[in-house]
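Work through the following exercises on salt bridges with the sequence and the coordinates at hand, trying each task before reading its solution.

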Amino acid sequence: MRFFLFLLLLTLSLSLKGQQSYRGIVVDSVSMAGMSGVYVSIKGSAKATVTNQSGLFTLIATPVDTLIFSYLGYITLELPLFLEEDALFIRMREQTRMLQEIVIKATRLYPNEILDRTRVAPRKMDSYQALQSPFTYFSKTEKEKRKVYRYVEESNKTQTYIQVITDPVVKEIFTKDYELSEEEYYELLASFNQRYRMIQYATNPEDIMEALHAYFDAMK
């Protein structure tokens with residue numbers, strides 16, 4: 001009960017604290033390039049702005065506000081400012097359409113076993129701990145932990161995809177089946193990575209191989 005009372009008082013104090021300037025940069029989650037023209041608004045408010053050519057923006061808001069980031073072709077992102085720093089780093093993910101239905105081959109598509117290369121992310125402070133020790137939460141060490149945590153989580157989610165596309169046997173299969181040079185193979189693979197980014201989160205190697213075959217068939 002005391003915790004919820006503390007949380008209520010903290011929320012009220014943040015609201016009464018008034019507005020402050022939030023600065024940030026919006027980038028593409030894959031290329032990490034700054035995104036210009038992203039519409040940044042405050043949820044439930046008419047206040048809004050757009051990012052400049054470098055993906056930078058500045059917006060006046062309060063710590064209890066929620067920012068909404070929207071851009072054509074990308075998944076809309078909502079970010080509560082509660083416990084966020086005033087300097088924001090936003091990664092937006094492309095909203096990719098799934099490939100058309102394809103015929104599953106009878107033979108096994110991916111020849112090797114997928115190894116479990118999951119890494120343990122460093123333990124970061126949760127919301128309750130942050131409320132108990134806000135100075136520690138905003139310390140340089142904890143900020144670095146949060147960055148490393150996000151990186152490890154992303155790496156764990158894409159480990160199957162990375163193993164498949166870096167497998168030398170897979171390269172041999174595609175270069176022979178489609179009569180490609182090594183350079184042509186990597187060019188098509190790079191194009192596939194840009195157009196179908198959601199497949200990077202697939203956990204079944206057969207699904208990844210099917211998507212690759214469908215794309216290579218269409219391009220050849």
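The exercises below concern a predicted model and take its salt bridges in turn.

**Exercise 1.** Determine how many salt bridges a search of the whole structure finds, and establish which parts of the chain the pair Asp-28 and Arg-197 ties together.

Solution. The search of the whole structure yields 5 salt bridges. In one of them, Asp-28 pairs with Arg-197, and the closest N and O atoms are 2.8 Å apart. Asp-28 belongs to strand β1 (residues 20–28), while Arg-197 sits in the loop between α7 (182–195) and α8 (205–219), so the salt bridge ties together parts that are 169 residues apart in sequence. Both Asp-28 and Arg-197 are buried, that is, under 20% relative accessible area.

**Exercise 2.** Locate the partners of the salt bridge between Glu-78 and Lys-43, and decide whether each is buried, partly exposed or exposed.

Solution. The closest N and O atoms of Glu-78 and Lys-43 are 3.1 Å apart. Glu-78 lies in strand β6 (residues 77–80) and Lys-43 in the loop between β2 (39–42) and β3 (48–50), so that the pair links distant parts of the chain, 35 residues apart. With a relative accessible area of 41%, Glu-78 is partly exposed; Lys-43, at 48%, is partly exposed.

**Exercise 3.** Explain how Lys-176 and Glu-172 are placed in helix α6, and identify the residues that shared partners join into one network.

Solution. Lys-176 forms a salt bridge with Glu-172, with 3.0 Å between the closest N and O atoms. Because they are 4 residues apart in helix α6 (residues 168–177), about one helical turn separates them. Lys-176 is exposed, with a relative accessible area of 58%, whereas Glu-172 is partly exposed at 40%. Finally, salt bridges that share partners join Asp-28, Glu-94 and Arg-197 into one network.

Notes: Residues are numbered from 1 along each chain as its sequence is written. This is a predicted model: local features need pLDDT of at least 70, side-chain atom pairs count only at pLDDT 80 or more; totals for chains, interfaces and linings use all residues. Side-chain values use heavy atoms; hydrogens and water are left out. A salt bridge is a side-chain nitrogen of Lys or Arg within 4 Å of a carboxyl oxygen of Asp or Glu. Helices (H or I, at least four residues) and strands (E, at least two) are DSSP runs, numbered from the N terminus. Buried means under 20% relative accessible area, exposed over 50%, partly exposed in between (1.4 Å probe, protein chains only).
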